[in-house]
Amino acid sequence: MLKVNLFKQKFFAVLMLLVFISSCSLGSRPDHEAQYDAVIVGAGMSGLSAATHLASKGLKVLVLEQHDRVGGCTTSFKRGEFTIDAALHAMAGGGPGRRDAGLYALHKLCGVDKHVKLYELPHLYRSVFPGIDITLPANWEGFKNALKERWPDESEGIEKFHRICRDFSSQMMSLKNIFRYSPARAFLTKLTVPFTKRTFFKWQSRTLQELLDECFESSEIKAVVSQLWVYYGGPAPEQTAVLMLAATEVFLSDGAWHVTGTSQALANAYAKRIRELGGEVRTDTLVTKIVVEEGMARAVETAKGETFTASYVVSNTDPYQLVYKLVGEEKFPSGYVKSLEDKKPANSLFGVYMGLNIDLKKRGYDDTEIFYNTSMDTRETYENMMKGDFSNGVVVVSIYSNYGDPIYAPMGKSYVTVITYSDISMWPDYSDEYYDMKDKKVDELITLAAKVIPELADPRYVELKEGFTPRTIRNYTMNKDGVVYGFYASPDQMDKVPNHTPVDNLFIASNWSQGWHGVSAGQINGWRAARLILDREGIE
């Protein structure tokens with residue numbers, strides 16, 4: 001036993017020596033002359049975050065956005081008396097008062113916190129299945145107590161689930177800078193993971209279903225605990241456990257937060273901070289080409305005929321746009337292109353924005369987020385949604401007018417969204433057929449949502465009813481097939497694509513790159529891309 005322990009000590013000593021003598025950076029600093037230190041293509045959350053973190057360290061940045069406003073999916077617009085929030089429901093760890101960690105720490109790091117006001121939502125979600133209706137608070141004590149009250153025999157498993165979430169997230173965060181390491185150092189660090197980060201190692205390659213089966217016996221509690229699978233990706237037997245573990249820990253330790261003034265206010269806060277730091281943000285400016293010469297990104301060209309040179313380029317797009325449209329696949333190694341072709345994209349969304357002439361809260365609906373499920377079989381409901389059988393799927397009902405921000409609806413009225421999964425392949429091109437199908441499916445989805453709020457299907461109360469489809473999302477974001485979640489979140493695809501690309505000074509930051517997906521993760525992805533550039537520049 002003494003010899004074994006001595007061997008382990010020597011092994012780790014040699015391993016750590018190799019780690020620390022390995023280079024801590026990827027690539028070298030560009031030496032060509034340029035107008036800007038960095039040009040960011042796209043002003044979604046990842047692009048805005050990257051630009052702000054770079055500008056906060058003194059780099060000269062230019063952000064170019066094809067839409068008439070910043071934010072990408074994180075945007076809002078008016079329809080009569082109602083304000084429509086296009087994307088954000090809740091951010092995990094986005095506000096002060098808990099641990100001042102995670103996303104809120106990033107806001108403070110680049111100064112965005114000075115320009116945005118966040119408020120905490122009262123609970124995480126209400127989960128409704130046949131025979132089940134339960135509301136779960138956005139903190140561990142309340143979350144666990146609500147589950148134990150309903151399923152007392154599952155108390156041990158509930159505590160086990162908490163421990164796994166806590167330990168997994170802690171160990172994952174200890175590896176948060178591995179993306180900055182050289183390939184050699186990253187490889188050597190990963191060799192230690194099975195010995196030093198056992199919870200992370202165990203669950204990084206397992207499915208959500210395996211996690212549920214490890215912790216719980218009842219199919220009912222499995223369904224309720226895993227309810228947010230609808231925001232993370234595919235059905236439980238195919239979805240990685242990583243997203244549920246990491247997101248649950250952050251939500252229940254740091255809270256669920258929203259932005260005063262809609263999610264557009266968050267995007268605007270980033271743009272304001274960029275300009276405050278001397279950077280430029282231009283909307284209505286479509287980038288048509290990233291010029292790559294001799295293995296380096298030299299400039300970007302726009303539809304207006306402008307050319308902007310840059311030391312670095314950050315693409316806040318999906319990788320398909322980057323490779324096939326903006327750069328050209330011939331500029332990338334064939335292996336990189338093939339890796340994209342081999343990956344499976346995730347789904348898109350279909351939904352309805354609704355304005356009501358009644359106050360739902362006064363009618364007893366105190367909820368902010370309701371999930372209505374027709375079945376506990378996530379694979380069955382996922383497949384139904386993806387083929388357009390929405391009446392046998394899952395619908396998310398978000399009552400924004402209950403969020404505590406009067407911007408969404410006038411006094412005495414309500415603003416609600418109903419959303420489900422969808423696939424662009426079921427929707428015909430824009431035509432009479434498309435609009436006829438859209439109208440039919442809008443009513444189908446509202447009928448499902450009316451299972452929990454009957455007033456939604458009563459024409460006496462409905463003032464606004466506007467649907468959107470994957471084609472709508474593709475039109476405004478230019479994302480492949482209107483996909484909002486990036487790659488399908490199965491264990492074998494959790495690596496997504498790195499923030500650095502084979503083009504030495506070209507980076508990608510979006511829901512398709514390694515920081516996962518969503519409004520919170522998008523901002524982290526932007527920071528990651530910025531951090532890689534700052535490392536090249538020797539800036540801490």
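# Why do we call it that? Sheets, cores and cysteines

Tutor: Let's start with a small one: strands β5, β9 and β6 make an open sheet of 3 strands in the order β5-β9-β6, with antiparallel pairing. Strands here are DSSP runs of E with at least two residues, helices are runs of H or I with at least four, and both are numbered from the N terminus. Bear in mind that this is a predicted model, where local features need pLDDT of at least 70 and side-chain atom pairs count only at pLDDT 80 or more, while totals for chains, interfaces and linings use all residues. Residues are numbered from 1 along each chain as its sequence is written, and side-chain values use heavy atoms, with hydrogens and water left out.

Student: What makes β5 and β6 stand at the edges?

Tutor: β5 (91-92) and β6 (118-120) each have a single partner strand, so one side of each has no neighbour in the sheet.

Student: How do you know that β5 and β9 pair?

Tutor: Two strands pair if DSSP finds at least two bridges between them. β5 and β9 (residues 256-259) have 2 bridges, in the antiparallel sense, so they pass the rule. One spot to look at is A92, whose bridge partner in β9 is A256.

Student: And the sheet of 7 strands, which order does it have?

Tutor: That open sheet runs β8-β7-β15-β16-β17-β14-β18, with mixed pairing. Its twist averages 15° from one strand to the next. Helix α17 (residues 470-477) packs on the sheet, touching β14, β17 (414-422) and β18, and its direction makes about 95° with that of β14. Such angles run from 0 to 180 degrees between N-to-C directions, with axes fitted to C-alpha atoms, for helices over the stretch in contact.

Student: How many bridges join β14 to β18?

Tutor: There are 6, and the two strands run antiparallel. M354 stands opposite K465 in β18.

Student: Why is strand β1 called largely enclosed?

Tutor: Buried means under 20% relative accessible area, exposed means over 50%, and partly exposed lies in between (1.4 Å probe, protein chains only). In β1 (residues 36-41), 5 of the 6 residues are buried, so the rest of the structure largely encloses the strand. β1 runs parallel to β13 (residues 307-315), with 5 bridges, and also parallel to β2 (residues 61-64), with 4 bridges.

Student: Which way does the chain cross from β1 to β2?

Tutor: It goes through helix α2 (residues 45-55), and this β-α-β crossover is right-handed. We use that word if, with the strands pointing away from the viewer, the path from the first strand over the helix to the second runs clockwise.

Student: How do you know that C165 is in no disulfide?

Tutor: A disulfide is a pair of cysteine sulfur atoms within 2.5 Å. For C165, the nearest cysteine sulfur, that of C215, is 7.6 Å away, so the rule isn't met. The count for the model comes to 0 disulfides.

Student: Why is C165 called buried?

Tutor: Its relative accessibility is 0%, so C165 counts as buried.

Student: What makes something a nonpolar core?

Tutor: It's a set of buried Ala, Val, Leu, Ile, Met, Phe, Trp, Tyr and Cys residues joined through side-chain atoms within 4.5 Å. The largest has 106 residues, and L147, L211 and I290 have the most contacts inside it. Helix α11 (residues 241-254) gives the most to this core, with 9 residues. A second, separate core of 42 residues includes L54, V61, L88 and W527.

Key. Contact means heavy atoms within 4.5 Å.
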